[in-house]
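Please read the following points with the sequence and the 3D view side by side, and look for each element as it is named.

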Amino acid sequence: MTSLPKKLDGLDIPVVIRRSPKARRISLKIDFYNHTAILILPRHASETEGLKFAAQQRQWIAAQIQNLPELIPFADGAIIPIRGEDHRIIHRGKGHGIVRSTDKSLSVFGQPEHLASRLKDWLKRQAREDINPLVIAKSTKLGKRAGRISIRDQKTRWGSCSANGNLSFNWRLILAPPFVLDYVVSHEVAHLAEHNHSKAFWRHVCELTEFRRDGQEWLRQKGKTLCRYG
Ligand SMILES: [Zn+2]
C-alpha cells in the first residue's frame, strides 16, 4: 500500500510511506527513478513513529539523493546510450516513426508530447529484438525450453525466471553494452536448469556466456546509471 508523499521539515525531498507486512523494522530506501525517499513501515509501526525516524535520517536522505546521477528525460537534444553507444535524440515534427542514423543520432518524428513514450516503446522493441534470439540460442544450448519472454519496466531487477520457465527482462538493458545483455540473458536462461544460485547454476552461466565477470562488474558499477533515462 502506498500513500501520498509527505514532506519533512527542512527536507525538500518527498517521503513516500509504504506499509510492508514482511518488514520487521522501520527503514528507508531511495527511489532512484523518482528521486524520492521511501519509508517502509512494518505492520505495527505508526506513521508518526515512521516520520520521526525519517526526520532523524534527514541528512542521510539528502546526501543519497544528491549523489544520484542526474535524471535524463527523453527529449530533443538529450544523449542516451543504445547498446552502449551514445545517441543524440532529435525531435522532428513531420513524419512517423523513429530513424537511427549512422552519425549516432536518433530522429523521433511526430508530436513532441508523444516523444518520450514513442521512444520508450521503440527501445522496448529493440530490446526484444536482441533478447529473443539470444534466449532461443542459449536455451537450446542448455537443452531447455524457455516459456514466455516479457520485456518489462522493472524497477528493481534486470531479469527474472519464473518457476514455469517464463523469462522477463528490463527494457533498460538495451541501453547497456551488448555483453551486459548477454550476461543477463545467460543468467536467466541458466535458471531454467537451476532455480537457485548454486555452483551448478554458475557453471551453466559460464557455459552460456564468456561475460559473467564483466557483465556482473558492469552492472555493479554502472547499472544504476541506466535508471536515469526515460
Ligand atoms: Zn538469479
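**Notes on a predicted model**

1. Helix H4 is largely enclosed by the rest of the structure, because 11 of its 13 residues are buried. Please keep in mind, here and below, that this is a predicted model. The buried residues of H4 include Val-180, Leu-181, Asp-182 and Tyr-183, and also, further along, His-187, Glu-188, Val-189 and Ala-190. A residue is called buried here if 20 or more other C-beta atoms lie within 10 Å of its own.

2. What, then, covers the buried residues of H4? Among the elements that do so are three helices, H3 (115-142), H5 (199-208) and H6 (212-222), together with the strands S9 (159-161) and S10 (167-170). As for its own dimensions, H4 runs over residues 178-190 and reaches 18 Å from its first C-alpha to its last, which is close to the 18 Å expected at 1.5 Å a residue.

3. On the level of the whole protein, the division is into domain 1 (15-66), domain 2 (79-118) and domain 3 (125-228). The centres of domain 1 and domain 2, taken over C-alpha atoms, are separated by 37 Å.

4. An open sheet of 4 strands, with mixed pairing, has the order S4-S5-S7-S6. Strand S4 (79-82) and strand S6 (98-100) are its edge strands, each of them pairing on one side only. On average, and with direction ignored, neighbouring strands of this sheet are turned by 30° against each other. Within the sheet, S6 pairs with strand S7 (residues 105-109) in the antiparallel sense over 3 bridges, and Val-108 in S7 is the bridge partner of Ile-98.

5. Two loop residues deserve a separate look for their backbone angles. Arg-83, in the loop between S4 and strand S5 (85-92), has a phi near 50°, a positive value in a residue other than glycine. Lys-104, whose place is in the loop between S6 and S7, likewise is a residue other than glycine with a positive phi, in this case near 65°.

6. Are these two loop residues, Arg-83 and Lys-104, exposed or partly exposed? Arg-83 counts as partly exposed because it has 16 C-beta neighbours inside 10 Å, a number that lies between the limit of 12 or fewer for exposed and that of 20 or more for buried. Lys-104, with 12 other C-beta atoms within 10 Å, is therefore exposed.

Note on methods:
Residues are numbered from 1 along each chain as its sequence is written. This is a predicted model: local features need pLDDT of at least 70, side-chain atom pairs count only at pLDDT 80 or more; totals for chains, interfaces and linings use all residues. Domain bounds come from an automatic or database domain assignment. Two strands pair if DSSP finds at least two bridges between them. Axes are lines fitted to C-alpha atoms, for helices over the stretch in contact, and angles run from 0 to 180 degrees between N-to-C directions. The expected span of a helix is 1.5 Å times one less than its number of residues. Two residues are in contact if their C-beta atoms, placed from the backbone, lie within 7 Å.
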